[in-house]
Amino acid sequence: MTRKTLLGAAMALFAASTMFSSMPARAETTPAAVLKHYAELAQAKYEDSLTTAQALDKAIDALIAKPSDATLKAAKAAWIAARVPYQQSEVYRFGNPIVDEWEGKVNAWPLDEGLIDYVDASYGTESDENALYTANVIANPKLKINGEEIDVTEITPETLRSLHEAGEIEANVATGYHAIEFLLWGQDLNGTEAGAGKRPYTDYDKANCTGGNCDRRAAYLKAASTLLVADLGDMVKAWAPDGEATKNVEADGNAGLTAILTGMGSLSYGELAGERMKLGLLLHDPEEEHDCFSDNTYASHLNDAIGIKSAYTGEYTRVDGTKMKGPSLSDLVAAKDKALDKEIKGKLDATLTAMNVMKDRAQKVEAYDQMIGENNAKGNAVVQKAIDGLIDQTKSIERVIASLDLGKIELEGSDSLDNPDAVFK
Amino acid sequence: MGAFRAFPYLLPVLSGALVLVPLIATGSDSQLPKARTDLNPKDVKRVERVTRPTADFSKAEQFETMSGGAATTKAIVNGDAFSHFSPNITFEEEQNFKLGNALFTKLWVSSPSSTQASDGLGPLFNARACQSCHLKDGRGHPPEGAADATSMFLRLARPARTDEEREAIGDYRKLNFPDAVYGEQFQDLAVPGLASEGKMEISYEEIPVTLGDGEVVSLRKPTYSVSNLGYGPLEGDVTLSPRIAPPMIGMGLIQAIHEADILANADPDDKDGDGISGKAALVRDHMTGELKLGRFGFKAQNASIRDQSSGAFTGDIGISTPDTPFSHGDCTKAQAACLAMPTGVQERLGPVEAPDPVLSLVTFYSENLAVPARRDIDDPTVLKGKEMFYSAGCTACHTPKFVTRRDAGNKAHAFQLIWPYSDFLLHDMGEGLADGQQVGMANGQEWRTQPLWGIGLTKTVNNHTFFLHDGRARNLTEAILWHGGEAEAARSAFAAMGKQDRTALLTFLESL
């Protein structure tokens, strides 16, 4: 049986036992209540992402109006603040198709920064993979994609949209957090040595312009920021009580709980432990760093882990300090198997501890890209510990499934045309 | 790139294995199982029943939405439609998939470089990353603008010249023979300081074809040549075979089809007299030398996805792997400057440029890209088109269904009812499509039937509709009209259809 089918079947059984058996404690917690709260948290996280992005947008206006070290620093601080709630929302990916379809616009990574702006000569000038590798939209009002000329004389949100994944190359990331990050910090040319990108504020100073085309750079930054605000607004709407994503997740108790667990497991193991962390360790490559321009990677990973725990416990601390709490997956699991609930919570906490060690090291000793460098046993071990935590917690996520005795359950009616999605068994 | 070949260099590696297994060096498929060895009698019957082609076009078939069985993706259809993992893999496998994906998109750089784990490109190469050709894990295309020849290249080969060489092919030790200077494929790129092999040239001639109802369709007939040759002329009997990168979806499922089910459709001597033969390709496993059923590549020249992937790493990108330890890629002895270039081998990381687990991860990734679910299977036009597809005889080679083996290496691929629309056999496709290049058992007119699943999403994923091995067809109609040889009757049936029926057939294909 497939994982998701197993999960679905398990949840059917699970839901039945929770709703119809006389569980003493927390008998009031139903899958429907858990899903309702899950959607409420999603809306809160996307609202927080939106308000912090709006603050970033204002800081960018200030930078463009009066470029200075202070306004650039403020914009960078606003970007880092904006990443906190957004990364905590990432656990809503994977299980929710609407989020998956949308996500690339705001958080696509890795990106070939040469598409956007000037890059150091060491970047190389051509990539067969990506004809736009050093296209430099900011310097060139006209571009060629597959022989077709594209007019970027006016840099608008629409232009950026059309450039996103241009030429079918996924690294042509024209929009989202990481495009903005590059425009604020610039390239990190330090390899696995200390230091983030060092873009000077004069890159936005039309009177004393460095890097050329300061007006177009400003227009790009503003357009990217405008799009980010608009895209986050769409997600807030999608998670409103009558929004599309909320309706989807609440439509079917089993499918909804499956979405929660899929998001937790997929983000923990494949996405975060794997693609974002293990690959960098494997290759010792500083390019394999999620927030590579700003050296904010440690925070990005930590907030992902906080988000994963939040999806389980139903707890979230908003950017204004408000604490939210409600019916959770934890309540459901505890009602069924207290020990398992304890186990998984312990593992989620262990991951957070390891992530916090990584954060401390990043703030006090060395940046994340240094930690993954070759011949840095200590740094490597700190990252590996966080990876191990993520993998370990996924095993408990799978145990949540296994504890419900899923192995022997087969979906009834799988050979019926009533279910067009059925598969032959 | 998706087209692969056995390496001439592999011969020394293989010959050792062959000495150990002389018994298999005979020219027949007699070693391959003729019946399902993985099923009990009850399941055999169930499989026979469920894979029987339908005769009822009044409604969709059972399970038809899920082209890849439980490995089918139901993600929202967009440009990422070919990039999803099968939903029935485990969380742990999902990590391998994602690592494989990251390596698949990774740009390899020339040696020496500061990121030593990522260098070793070339010295001669067609692409710097897998994804350069397999754009969005989809279909490559012929160069349309100035600077994007990447998703297509030329395979070079000459036929056997001596009895000894003929014997090597008869024995499956060789597929064909490389150009003495340029090797097995024409690399149009080289690392700094080295001349590239040259440039691929294409010219097209428009040929009008009149259909039964009077509509005229223009087919473009390509002619291929090379220019700016960096290392002197090609040998006189070397042929050029252009290949575009094929879509990456569903390959693990194809690998899990039981040999007996593919052999059951083979009719090499056309004993049933339907004008369609269908020949199983026998090839050697690159590592063990074992004789296996070839099922991957335009000429069915590889038995496994791992063989295909290692070949691509080394031939297309110039990166050596544990299976293909040739850090100079496709450089030949005659290309001394190429052989003198530095490689990306770091002894402390392993003896090759892409040490394990790189190849295993990319192989895993390639095995687990999900086939998208069908759309509109109940639409009356789709059903009408499906009927036309069957009645025109397309299914004689584009076999609709298989049930994969129960003992598949990956559980996610086991015992799935799949709808690839291919028999994975070699067929003579006529002179129009011929490349004149022998590849093992496939002569210069024979090609492996291409699977059709996902074909309707080509535009969505790749923003073009160039089809066939070299992308000459600009849409599905042209692709069908290029069919000849064993497919001549089916092609004629399509050409003779009225506009409405033709459109319905195309609508059916668009729903795949």
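**Figure 1. Overview of chain A in the predicted model.** Of the 425 residues of chain A, 55% count as buried, in a model that is predicted. Chain A holds 14 helices together with four strands. Among the contacts in chain A with a separation of 6 or more, 71% come from residues that are 24 or more positions apart.

**Figure 2. Helix α9 of chain A crosses helix α3 of chain B.** The axes of α9(A), residues 253-283, and α3(B) come within 8 Å and cross at roughly 35 degrees, and the crossing is right-handed. On the side of α9(A) the contact is made by A:G265, A:S266, A:Y269, A:G270, A:E271, A:A273, A:G274, A:E275, A:K278 and A:L279, and on the side of α3(B) by B:F91, B:E92, B:E94, B:Q95, B:F97, B:K98, B:L99 and B:A102. Sorted by character, the residues of this contact comprise seven nonpolar, five polar and six charged.

**Figure 3. Surroundings of B:N96 in helix α3 of chain B.** B:N96 lies in α3(B), which covers residues 91-105, and it counts as buried because 23 C-beta neighbours fall inside 10 Å, where 20 or more are required. Leaving aside residues up to four places away in sequence, B:N96 touches B:L361 and B:F364. Although B:N96 and B:F364 are 268 residues apart along the chain, their C-alpha atoms are separated by 7.0 Å.

**Figure 4. Helix α11 of chain B and its buried residues.** Helix α11(B) runs over residues 380-391, and its twelve residues should span 16 Å at 1.5 Å a residue, which agrees with the 16 Å between its end C-alpha atoms. B:V382, B:L383, B:G385, B:K386, B:M388 and B:F389 are buried in α11(B), and the buried residues of this helix pack against α15 (499-510) of chain B. An α-helix has 3.6 residues a turn, so residues three or four places apart point the same way. Just after α11(B), B:G393 takes a positive phi of about 95 degrees.

**Figure 5. The open sheet of three strands in chain B.** The strands stand in the order β3-β2-β7 with antiparallel pairing. At the edges are β3 (185-186) and β7 (239-244), each with a single partner strand, so one side of each is left without a neighbour in the sheet. Strand β2(B), residues 152-157, is joined to β3(B) by two bridges in the antiparallel sense, and in this pairing B:R155 stands opposite B:Q185.

**Figure 6. The hairpin of strands β5 and β6 in chain B.** Strand β5(B), residues 199-210, pairs with β6(B) over twelve bridges in the antiparallel sense, with B:E201 standing opposite B:S225 of β6(B). Five residues lie between the two strands, and B:G214 in the turn has a positive phi of about 95 degrees. Of the twelve residues of β6(B), residues 216-227, the number buried is zero, so this strand lies largely in the open.

**Figure 7. The hairpin of strands β8 and β9 in chain B.** Four bridges join β8(B), residues 281-284, to β9(B), residues 291-294, and the two strands run antiparallel. B:A281 stands opposite B:G294 in β9(B). Between the strands of this hairpin there are six residues, and B:G289 takes a positive phi near 80 degrees.

Methods. Residues are numbered from 1 along each chain as its sequence is written. Chains are lettered from A and ligands numbered from 1 in the order in which they are written. This is a predicted model: local features need pLDDT of at least 70, side-chain atom pairs count only at pLDDT 80 or more; totals for chains, interfaces and linings use all residues. Two strands pair if DSSP finds at least two bridges between them. The expected span of a helix is 1.5 Å times one less than its number of residues. Two residues are in contact if their C-beta atoms, placed from the backbone, lie within 7 Å. Axes are lines fitted to C-alpha atoms, for helices over the stretch in contact, and angles run from 0 to 180 degrees between N-to-C directions. A crossing is left-handed if the near helix is turned anticlockwise from the far one by less than a right angle, and right-handed if clockwise. Ala, Val, Leu, Ile, Met, Phe, Trp, Tyr, Cys and Pro count as nonpolar, Asp, Glu, Lys and Arg as charged, and the others, Gly among them, as polar.
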